[in-house]
Amino acid sequence: MKIYQNSNEPIYKQIASQLREQILTGKLKSGDPLPSIRMLAQDLKISVITTMKAYEELSAEGLVTASKGKGYYVNARDEKMIAEQHMRQLEEHLTNAIYSARIAGLDYNEVCETLRALWDIED
Amino acid sequence: MDTALNIKDITKKYKDFTLGGIDIEIPMGFSSALIGANGAGKTTLIDIICGVTANDAGKMEYFGKYTDNDRSELRNMIGYCSSANYFPMDWNLKKVAEVMDVAFDNFDRKKFSELCDKFKLGDPSGKKQKKLMKMSDGNRMRTYLAAVLARDTSLLVLDEPASSLDPLARDLLCDMFRDYLAEKDGERTVIFSTHNIADMEFVTDHAIFMAGGKVIEQGFVEDLKEKYILVHGDASVSEKAVPYLLSSTSNKTSFEGIALAEDAEKLAALDTAIEQPTLQQLSIGILRKAEQDYEEK
Amino acid sequence: MKKNDSLPFWDAVKVYYGTSLVRIFICMFLLPVSAVLLFVTSIFLMSGGKEEALCVSSIGVILFFCSAYMFFIMDVRVNSSNLPGWKFLKTVKGGFDTYAKAAVTITAVSVLVVLLYSLIAALLYIADIVSLFNTPGACFALWISEMVLIAVIVFLRLIENTTVRLLAYSAVLFQVLLLYLLLLHTVKSMSAAVWIISAAASMLMIAVSSKVSISYYKKKIWEN
């Protein structure tokens, strides 16, 4: 896990987003344990409360659950919820793409062509 | 969340200084920092917690079951060391190891040797032994730390452990705090005092600010960072902004200060820059306010 | 009822004095003995082997001044909150009880040492090897004076200021020396019974002095 200590984004948010991605892409499977908050703090050289806050955020989103005395575990994959999360990310990325297109002076059709070309490459 | 130490209305009166009434709850499993200027009462409070000094009034409850009458059980469970003059000056590493072994139930000689090695102090069983009085302040502090960290304790209470250490040693100390907490996940707690939180920021979970013998603010660091905001702006808007600020500094061109997050919208409307404060910036803001309040009296 | 989990007395001594009890005992015992042997041997050699050259009172004086080192050994160096080591000693297992054990043990060892070298002197006299004292009574004079000395040191070692403490020790040493010389004069005119009773009384004095000084230390210094 990579965190930037001097960035504007609070460290706990960085941790939460990296773990979120790992869960959504399936790198962390349902039932997998997350490292204990203190061991993660040791590895990243940060305070325990920061890792705890990151885990609490993921817990509030329903991605992980705290098991008393045992730590945090990844929740069972809720396909609908995961699809929603991915949809949200897609919308965010597309919005950014539209913004860049506007600055570059591209119109709707040119953007679609670019999208088609990239889609074909990925296939 | 469990409480490692519950301090209720602790008071201690000296000729020209009064501590108290102090009310603090130290959460178990985390690292709490006592932040304040010299003379704020941090050492007095730590001495009272560890049984070095007696309090005049108030109660303390340790680990949910012991009180200050249970000193004999607590002595083995609490790992305390002061910032200076902890051991007699004519002792050397070998003697420290010998006496610590006898003085406490849970001292691990092997761990002490490993720590002495990590802190670059030498070998406690070696032939050439340097006396504490001939060591630098930094090395003496490392000796005290090695001695207290080599014990299996449930609560570490350290008075200004970082003050005489160089940056490398401070970083090592932070790692040791994290190792200490991780070893018995959730059952161990660290309390340390400092007048310079910048170096210990990444090992502080909970902060307690002290000034003039009183606690002026306390809470988990992440919560405090959301409760307060750091505000900067041009000198032209400082007059309008200052009433919202807890404390501030200003010069001809700009001003900077700490305010409550609930006033963020109002301050943003005045064309100021708002961001989340670091613990260091928060400390400066809070302690400055305490100083201003004191001067007004 | 407060639990007394103070350390065993040999460990308590190690914590407060930094060395093992055995080493302390040996130092306390060997130093006066070696000083006396040195003195006796040199007098012997200088006088060409004449036993009569040995003066009873001068041996007593030597023993006395050797007692001075006892001050330094009985001296608990960390006896106030201003001295390095105080905070460590206050948080050591057993707390005050450990201090009390260390203090009492050292006092007891001092008495034991005096007893030992008195016994040796007595044995030498009885075995007719050499008489370090020309009457058995002189032995008692020395014994009582040493006991008075120990009883007073037990209090004086509470003085925080090193200079004042050392001056106090020196003053007392000379006073007790005078006592010893005085007692030597009265030795001949008193019966053995009186001497035995006085010897026992002087030991009682140490027990009382020890108890009182420890309570004083607890109230005035330890529980600040």
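**Exercise 1.** Which residue in strand 8 of chain B is the bridge partner of B:Ser31?

*Solution.* Before starting, note that this is a predicted model, where local features need pLDDT of at least 70, side-chain atom pairs count only at pLDDT 80 or more, and totals for chains, interfaces and linings use all residues. Residues are numbered from 1 along each chain as its sequence is written, while chains are lettered from A and ligands numbered from 1 in the order in which they are written.

Step 1: find strand 8 of chain B, residues 189-194. (Strands are DSSP E runs of at least two residues, helices H or I runs of at least four, numbered from the N terminus.)
Step 2: strand 3 of chain B pairs with strand 8 in the parallel sense over five bridges; pairing takes at least two DSSP bridges.
Step 3: the partner of B:Ser31 is B:Val190.

**Exercise 2.** Place these strands in their sheet, and find the edges.

*Solution.*
Step 1: the order in chain B is 6-7-8-3-9-10, an open sheet of six strands with mixed pairing.
Step 2: strand 6 (78-81) and strand 10 of chain B each have a single partner strand, so one side of each lacks a neighbour in the sheet.

**Exercise 3.** Describe how the domains of chain B meet.

*Solution.*
Step 1: the assignment gives domain 1 (3-218) and domain 2 (224-296); such bounds come from an automatic or database domain assignment.
Step 2: domain 1 of chain B puts 13 residues into the contact and domain 2 of chain B nine, where contact means C-beta atoms, placed from the backbone, within 7 Å.
Step 3: on the domain 1 side, strand 9 of chain B gives the largest share, three residues.

Key
Contact = placed C-beta atoms within 7 Å.
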